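Colleague: Could we go through this model together? I would like to ask about a few places in turn.

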Amino acid sequence: MEALKREADVIIKLHYTPASAATRACQLKKYMHFCEDFALVPIPCTSDRVVLFVAFMARTMKVSSIRDYLSGLNHYLKVVETAPINYANYRVHMALEGIKRKLGTAVKRASPLLPQHLKAMLAMLNVSMGHVAFRASILTSFRGLLRKQNVTESEANLLRGDVTMTAWGMMLNIRHSKTIQHGDRILRIPVARLREPALCAVYWVERHFREVPGTPLSPAFLVAPGMPLTYAFYSGMLNYAVGRAGLDPSLYSTHSLRRGGTSYLRSVGATIEELKLRGDWKSDAVFLYIQQPLEQRIAFDLRVALELDSV
């Protein structure tokens with residue numbers, strides 16, 4: 001029976017990916033620190049306690065983070081089989097509405113990185129192993145609309161065996177993502193070869209694979225033999241390249257590649273259905289990733305003006 005209970009505990013823990021489990025642990029740690037600071041017993045967590053915890057978090061956190069941390073606390077309370085947060089409680093409701101008024105709810109979105117930005121950034125790099133791996137990873141992210149987890153060390157990391165080189169380019173086989181967590185399907189993303197190597201993801205991936213060999217089970221991008229591309233290196237290199245290219249690093253993040261790739265594909269004629277398929281969106285969240293150039297918006301309104309003049 002004890003062995004079966006241990007097996008059951010393991011199965012329950014598999015509910016979350018390691019990254020999600022780490023996030024939940026961090027959220028719970030915040031609540032435990034709050035209780036320690038004010039000499040409170042963590043359980044039971046009354047509605048008044050929740051209001052105090054909200055006020056405590058509002059000192060240093062934004063509204064979306066506060067809601068996420070409450071979700072983590074609620075998960076913990078359910079796991080230990082005690083009363084969860086009562087969101088219907090009027091004081092809890094008023095506190096959550098109050099922090100929106102106090103802190104605001106505007107979300108700062110990373111600016112998109114477009115081809116002209118990438119050209120300027122990549123011109124600042126050398127051809128060392130790490131820099132070549134970085135080139136290959138960001139160009140693949142841009143062309144494939146990939147999430148950062150697909151190119152950096154994680155459970156969703158693209159493997160060498162997931163990249164198939166062809167005469168026309170390469171095929172990316174995404175087996176794990178935000179929406180593919182149980183191996184129920186494979187997302188296949190074609191990336192065609194460009195004539196010029198500067199922005200050619202295929203050219204730099206081929207070069208990277210030659211210079212830093214790996215097995216089919218190795219992560220696709222390695223900064224050195226046996227050393228996967230980590231998020232810290234990926235993010236740090238992006239900030240470095242953005243700054244060297246004369247751009248403001250505070251406006252960009254690794255998410256800028258997915259936004260930039262989506263915006264660029266839309267600007268050259270991709271339909272919303274094509275973008276949703278390639279970027280693996282199951283909802284209309286794809287619209288949040290599209291930034292239409294001002295020139296296109298002006299051109300559209302000039303066409304509207306011509307139509308109105310002819311009425």
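Colleague: To begin, where does leucine 217 lie?

Modeller: This is a predicted model. In it, leucine 217 sits in the loop between α9 (201-211) and β4 (222-224).

Colleague: Is leucine 217 buried or exposed?

Modeller: Leucine 217 is exposed, and its relative accessible area is 71%. Its C-alpha atom is separated by 16 Å from that of glycine 183, and these two residues are 34 residues apart along the chain.

Colleague: And the chain as a whole: how many helices and strands are there?

Modeller: The protein chain has 13 helices and five strands. Its C-alpha trace spans about 65 × 65 × 35 Å along the principal axes. Of the 311 residues in the chain, 40% are buried.

Colleague: Let us turn to helix α3. How many of its residues are buried?

Modeller: Eight of the 11 residues of α3 (residues 47-57) are buried, so this helix is largely enclosed by the rest of the structure.

Colleague: Which ones are they?

Modeller: The buried residues of α3 are Ser47, Arg49, Val50, Val51, Phe53, Val54, Phe56 and Met57. One of them, valine 51, has its C-alpha 8.4 Å from that of leucine 96, although the two are 45 residues apart in sequence. Leucine 96 belongs to helix α5. Leucine 96 counts as buried because its relative accessibility is 5%, under the 20% limit.

Colleague: Aspartate 48 is not in that list of buried residues. What does aspartate 48 form with arginine 91?

Modeller: The two form a salt bridge, in which the closest N and O atoms are 3.1 Å apart. Arginine 91 lies in helix α5 and aspartate 48 in helix α3, so the pair ties together parts that are 43 residues apart in sequence.

Colleague: Are those two partners buried or exposed?

Modeller: Both are partly exposed: arginine 91 has a relative accessible area of 49%, and aspartate 48 is at 45%.

Colleague: How many salt bridges does the count come to?

Modeller: The count comes to seven salt bridges. Among them is the one between arginine 193 and glutamate 206, with the closest N and O atoms 3.1 Å apart. Arginine 193 is in the loop between β3 and α9, and glutamate 206 is in helix α9, so this pair ties together parts that are 13 residues apart in sequence. Arginine 193 is partly exposed at 34% relative accessible area, and glutamate 206 is partly exposed at 23%.

Colleague: Which residue does glutamate 211 form a salt bridge with?

Modeller: Glutamate 211 is bridged to arginine 207, and their closest N and O atoms are 2.9 Å apart. Both residues lie in helix α9, four residues apart, or about one turn of the helix.

Colleague: Why would that spacing suit a pair within one helix?

Modeller: An α-helix has 3.6 residues a turn, so residues three or four places apart point the same way. As for cover, glutamate 211 counts as partly exposed at 31% relative accessibility, whereas arginine 207 is buried at 17%.

Colleague: Now the strands. Which side chains of β3 are buried?

Modeller: The side chains alternate along β3 (residues 187-192). Leu187, Ile189 and Val191 point to one face and are buried, while Arg188, Pro190 and Ala192 point to the other face and are not.

Colleague: How many bridges join β2 to β3?

Modeller: Six bridges join β2 (residues 169-174) to β3, and the two strands run antiparallel. Within this pairing, leucine 172 has isoleucine 189 as its bridge partner in β3.

Colleague: How many cavities of 30 Å³ or more does a search of the whole structure find?

Modeller: The search finds one. The largest cavity holds about 50 Å³ of space. Its lining includes Leu187 and Ile189, together with Arg258, Arg278 and Asp280. Both β3 and α12 (272-279) supply at least two residues each to that lining.

Colleague: Finally, the surface. Which residues form a nonpolar patch?

Modeller: Ile43, Val79 and Val80 form one, with about 220 Å² of accessible area together. Valine 80 is located in the loop between α4 (63-79) and α5 (90-103). With a relative accessibility of 36%, valine 80 counts as partly exposed.

Notes
Residues numbered from 1 in each chain as written. Predicted model: local features only at pLDDT ≥ 70, side-chain atom pairs only at ≥ 80, totals over all residues. Heavy atoms only, no water. Patch = residues over 30% accessible without salt bridge, like charges linked within 9 Å, V, L, I, M, F, W, Y side chains within 5 Å. Areas by Shrake-Rupley, 256 points an atom, 1.4 Å probe, with all protein chains shown as cover. Salt bridge = Lys/Arg side-chain N within 4 Å of Asp/Glu carboxyl O. Buried < 20%, exposed > 50% of the residue type's maximum accessible area, 1.4 Å probe, protein only. Pairing = 2+ DSSP bridges. 1 Å grid on protein atoms, 1.4 Å probe; cavity = no way out; pocket = protein on both sides within 12 Å on 5 of 7 lines; lining within 4 Å. Points joined across faces, edges and corners; volume = space filled by probe spheres on them.
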